[in-house]
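The following note is offered for the attention of a colleague working with this model. Its points concern the backbone, burial and the nonpolar core.

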Amino acid sequence: MVIGGRHILHGVDLDVAASGTTALLGRNGAGKTTTVRGILGLVPRTGSVLLAGAETVRLATHALVRHGVGYAPEDRGVFAALTVAENLRLAERPGTGEPAYGLVHELFPELKQRARQAAGTLSGGQQQMVAIARTLLNGNRLIIADEPTKGLAPKVVTEVTRVLERAAEAVPVLLVEQNLAVVRRLARHCAVLADGRTAHRGPAAELLADPDATRRLLGVGHASRGRTGDTRTPSPAAPAHTAAHPAARTAEADA
Ligand SMILES: Nc1ncnc2c1ncn2[C@@H]1O[C@H](COP(=O)(O)OP(=O)(O)OP(=O)(O)O)[C@@H](O)[C@H]1O
Ligand SMILES: [Mg+2]
């Protein structure tokens, strides 16, 4: 993948499981955001991006969105001057059935209470809730969330994690995340990027249990046990799962 004349990604290959959460990991600058922007067609890319088995690499972003890919970007991308309700209304997609306000209000009761509040006056955690809620409105087939817990207070990290866990029960999630306690809690599978390449793929729990691997791949000597923000929420056991087709798979040829 070439951005600004530079090769950013050189051979990213990852599968997103057809259910639950798949984590995309890597140190700062490893290429995580560029990878998800590549999947979405927001940056030029070559290779193959399969969504439920169908090739999408030549689709424009708007077409991919119509195919059911929801995106909560790294900067959250909420419209600060618009109300919560207006932010959600803008995310509605005609032709995808009734927007799932029932689900959104069940998962985010606070957003219902704050429907008329300008999104710019929300806390970082509440803005993140708006960003995730938008991806759940339209019956998407895949949700991509880029560092949804970044910069949030520990208690809010726990709330966002809980919401992501519920979201992943409905829709497969590709989660870019640096908080390894959140990864431990949510992700069954993971891919690790290093210098624009896939450096590791496998079960998330296996990677996090291996201090040498986490040090080498993520620069963290010890993946702390359990804490996403508070300690009351133990990791659920990962259910066994096999998929005929992964929800999405991407293989970036050298671009
Ligand atoms: N628009 C751009 N122009 C030039 N270089 C870019 C651009 N966007 C990203 N890069 C470079 O590409 C590399 C990968 O960046 P990217 O943002 O994908 O990493 P990341 O893994 O998401 O990092 P972080 O953990 O900091 O979010 C970095 O070296 C970055 O400086
Ligand atoms: Mg990033």
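1. The coordinates under discussion are those of a predicted model.

2. Arg-76 merits inspection. The residue has a positive phi of about 75 degrees although it is not a glycine. Most residues other than glycine have a negative phi. Arg-76 sits in the loop between β7 (69-72) and α3 (84-91). Because 22 C-beta neighbours lie inside 10 Å, Arg-76 counts as buried; the cut-off for that class is 20 or more.

3. Glu-147 should be checked as well. Its phi is positive, at about 45 degrees, and Glu-147 is not a glycine. This residue belongs to the loop between β8 (142-146) and α7 (154-170). Is Glu-147 buried or exposed? Glu-147 counts as buried, because it has 22 C-beta neighbours inside 10 Å.

4. Val-43 is located in the loop that runs between α1 (32-39) and β5 (48-51). With 20 other C-beta atoms within 10 Å, Val-43 is buried. Between Val-43 and Thr-61 there are 9.5 Å in space, C-alpha to C-alpha, and the two are 18 residues apart in sequence.

5. Turning to the interior, the largest nonpolar core comprises 62 residues, and the members with the most contacts inside it are Ala-133, Leu-175 and Val-183. Helix α6 (residues 124-136) gives the most to this core, contributing six residues. In soluble globular proteins, nonpolar side chains tend to be buried together.

6. Which residues does Ala-133 touch, not counting those up to four places away in sequence? Leaving such neighbours aside, Ala-133 touches Leu-88, Val-104, Phe-108 and Leu-111.

Terms used. Residues numbered from 1 in each chain as written. Chains lettered and ligands numbered in written order. Predicted model: local features only at pLDDT ≥ 70, side-chain atom pairs only at ≥ 80, totals over all residues. Helix = DSSP H or I, 4+ residues; strand = E, 2+ residues; numbered from the N terminus. Buried ≥ 20, exposed ≤ 12 C-beta atoms within 10 Å, placed from the backbone. Core = buried A, V, L, I, M, F, W, Y, C linked by C-beta atoms within 7 Å. Contact = placed C-beta atoms within 7 Å.
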